[in-house]
Amino acid sequence: MDEEYDVIVLGTGLTECILSGLLSVEGKKVLHMDRNDYYGGDSASLNLTQLYRKFRPDQALPTDLGRDRDYAVDLIPKFIIASGELTRILVHTDVTRYLEFKQIAGSFVYRDGRISKVPSTEMEAVKSPLMGLFEKRRAKKFFEFLQNWKDDDPATHQGINLDKDSMATVYEKFGLEPGTQDFIGHAMALYLDDDYKTKPARPTYERIVLYTSSMARYGKSPYIYPLYGLGELPQSFARLSAIYGGTYMLDKSIDEIVTDDSGKFVGVRSGSETVKAKQVIGDPSYFGAGKSAESGKVRVVEEGKVIRAICFLKHPIPGTDDADSAQIIIPQNQVNRRNDIYIAMVSSTHNVCAKDVYVAIVSTIVETDRPEQEIAPGLQLLGPIYDKFVSVSSLYTPTSSGEADQIFITRSYDATSHFETVVDEVHNVWKRVVGKELVLKKREVEVEA
Amino acid sequence: MSKQLQFKLVLLGESAVGKSSLVLRFVKDQFDDYRESTIGAAFLTQTVTLEDQTTVKFEIWDTAGQERYKSLAPMYYRNANCAVVVYDITQSASLEKARSWIRELQRQADPSIIIALCGNKADLSARRQVSEEEAKKYAEEEGLMWGETSAKSGEGVQEIFTAIAKKLPQNAPQSARAGGRGGPSGRAGVDLNKQAGAMTGQNEPCNC
């Protein structure tokens, strides 16, 4: 370990693995370490043994859930939105050759006590039970407005300025009811709360376009999912990094971030060895997250908390037409909350659990001191729950951008339903580490030697 | 009638036993004495034609160095149809390491996987530490294929891959992923590349 590296990366979560893959392709000498003996960090997918070791170390594995090795249970519930930025990175880096994807079978929204399919096209909207007859006409006009919008053609703007007018103004113009606004803003634009309504409409417009174009790609839902679980994503980028010379060390204790007198990064100490590098990137857990600040500098702060309940079911979720996978969104207004509740469900179709088992994760941003009660409306939709693993995680964010001390800390995985904010974070950290924007070049076909 | 089959082959073994050299000899019939550790090319293919005109295409996964610090990802073993576990006949410790890789394969890989134990650097038999008898006996006990090779001279290389190719079609069902991109198998999965590059025609050969 006496070599010197360009960058040391700590933690093998998806954000860190995409970064080390891209940095290695760029020619940087990367050392990537993780304290766990598995890939993925907080975004890992665990087998039953690992899941029990994490949540219930004292309990023996149940015997009626099938084979341990059939399981890949995601810790963070997210799907890949088909037309999004993660798809672009997967294709550009060619890591798709290590992965196989399937569609998520359905996207649903909760309204007035029941769940319905999210309409994504005019045709579906017209048939949806979510709206009355007159509201359907208004919604149709709204979607036509979005579809026909051209920045350079004022005739398509109908007096709206997407960069100045708020989304509330746009809703008002088309006379949309609050319930319709709920499903547009939360089930299509995928906002977690209602803050977007008072802001300029453009980001909402872009999110709706992302949703509908993703939906149009494969048909059933806007989402795709990697076989064997989300943990395959960090593994595939780690392999990309290794192929380009990255060195990987799992199961390695990280004992100290070594700095010089001015506080600038020098290296990482593991046991009695210190490895030197110019820069370090890592997830918050390697930089004091969750520990008292008494020893040294405060590098990360808590921004909020997310509760996630991993539930094993022995049946599909009621009301989803026995879908093998689904996303269900419970908009905040429907259950008198500030933040939405999400349900993400996958099953043996995606090679993440034994046959006839369904894995649903219910999650939301914590608003009270009794978080488990907050997700009750989600749990109720699942029917009988065979077993459930509940965790409350803090969301950490770094206190500084890292340019001064060359210590670059990534943000925790948020409560959004897909990976777009993870890719934003990759771009953000890349810019701070490399000093210029990340430009995805089409990778040369590998030299076969 | 001739048929084409595609299988995923993974390489395992201690660092510096010649895993990449072995593949380089098999795929390109080349050898390089001072080869650096594997960089930039860990995905190769080679086709073997059997006597009955069946062609067996190997999709070969190199470790890319991730074996060095116990950091091979589960993805590596996933859906592997066959494994070549390499040791160096001049280093008895490398056979011990090969044994532990074989145990790992028996634990992690599909039970139908075909494992070939391969004693490399046969050209250095003057410095031999592992006898043919010892390795052969172990292979028989574990039900593995076995052979000695020299990536340097080429001796035994074609033979061991051909032997695997002969055994594969009867033994291993073609896995979903090995038949993956560019393969004819009609799976239910979605192909990101296909829709992303609308320009690429259906008939374009796979670039692996």
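How many bridges pair E1(A) with strand E2 (residues 30-33) of chain A, and in which sense? I looked this up before anything else. E1(A) and E2(A) pair over four bridges, in the parallel sense. I noted that I am working from a predicted model.

**Entry: strand E1 and its partners**

I took one residue pair from this pairing. A:Ile8 has A:Leu31 of E2(A) standing opposite. Then I followed the chain from E1(A) to E2(A). The path goes through helix H1 (residues 14-25) of chain A, and this β-α-β crossover is right-handed.

I also looked up the pairing of E1(A) with strand E13 (residues 273-282) of chain A. Six bridges join E1(A) and E13(A), again in the parallel sense. A:Tyr5 has A:Ala277 in E13(A) as its bridge partner.

Is E1(A) largely enclosed or not, and why? I counted through residues 4-10 of chain A. Five of the seven residues of this strand are buried, so E1(A) is largely enclosed by the rest of the structure.

**Entry: helix H1 and the helices it packs on**

H1(A) came next. I checked H12 (residues 420-434) of chain A against H1(A). Their axes come within 10 Å and cross at roughly 50 degrees. That angle makes H1(A) oblique to H12(A). The crossing of H1(A) past H12(A) is right-handed. From H1(A), the contact uses A:Leu14, A:Thr15, A:Ile18, A:Leu19 and A:Leu22. From H12(A), the residues are A:Val422, A:Glu425, A:Val426, A:Val429 and A:Trp430.

How do H1(A) and helix H9 (residues 232-243) of chain A pack, and at what angle? I read off about 20 degrees, with the axes 8 Å apart. Angles under 35 degrees count as roughly parallel. H1(A) and H9(A) are therefore roughly parallel to each other. H1(A) passes H9(A) in a left-handed crossing. I listed the contact residues too. H1(A) supplies A:Leu14, A:Cys17, A:Ile18, A:Ser20, A:Gly21, A:Ser24 and A:Val25. H9(A) supplies A:Leu233, A:Pro234, A:Phe237, A:Ala238, A:Leu240 and A:Ser241.

I compared the two contact lists. A:Leu14 and A:Ile18 of H1(A) appear in the contact with H12(A) and in the contact with H9(A).

**Entry: the seven-stranded sheet**

I traced an open sheet of seven strands in chain A. The order is E8-E7-E15-E16-E17-E14-E18, and the pairing is mixed. Which strands are at the edges? Strand E8 (114-117) and strand E18 (387-398) of chain A each pair on one side only. Direction ignored, neighbouring strands of this sheet are turned by 25 degrees against each other on average.

I picked one pairing inside this sheet. E15(A) pairs with strand E16 (residues 341-347) of chain A over five bridges, in the antiparallel sense. Here A:Ile329 stands opposite A:Tyr342 of E16(A). I then found H7(A) packing on the sheet, where H7(A) touches E7 and E15 of chain A. The direction of H7(A) makes about 145 degrees with that of E7(A).

**Entry: helix H7**

I stayed with H7 (residues 178-188) of chain A. Nine of its eleven residues are buried, so the helix is largely enclosed by the rest of the structure. The buried residues run through A:Thr180, A:Gln181, A:Asp182, A:Phe183, A:Ile184, A:Gly185, A:His186, A:Ala187 and A:Met188. What covers them? I found strand E7 (106-111), helix H5 (133-148), helix H6 (167-174), helix H8 (202-218) and strand E15 (326-330) of chain A among the covering elements. After H7(A) comes A:Leu190, with a positive phi near 60 degrees.

**Entry: helix H3 and the small sheet**

In helix H3 (residues 85-93) of chain A, I found A:Glu85, A:Leu86, A:Thr87, A:Ile89, A:Leu90 and A:Thr93 buried. A:Asp94 sits just after H3(A) and takes a positive phi of about 65 degrees.

I also looked at an open sheet of three strands, E5-E9-E6 of chain A, with antiparallel pairing. Its edge strands are E5 (80-81) and E6 (101-103) of chain A. E5(A) and strand E9 (residues 223-226) of chain A pair over two bridges. A:Ile81 has A:Tyr223 of E9(A) as its bridge partner.

**Entry: chain B**

I finished with chain B. I counted six helices and six strands there. Along the sequence, the pattern reads β-α-β-β-α-β-α-β-α-β-α-α. Of the 208 residues in chain B, 44% are buried. I also checked contacts in chain B between residues at least 6 apart in sequence: 74% of them join residues at least 24 apart.

Notes
Residues numbered from 1 in each chain as written. Chains lettered and ligands numbered in written order. Predicted model: local features only at pLDDT ≥ 70, side-chain atom pairs only at ≥ 80, totals over all residues. Buried ≥ 20, exposed ≤ 12 C-beta atoms within 10 Å, placed from the backbone. Pairing = 2+ DSSP bridges. Right-handed = clockwise from strand over helix to strand, strands pointing away. Contact = placed C-beta atoms within 7 Å. Axes fitted to C-alpha atoms, helices over the stretch in contact; angles between N-to-C directions. Parallel < 35°, antiparallel > 145°, perpendicular 65-115°, else oblique. Left-handed = near helix turned anticlockwise from the far one by under 90°.
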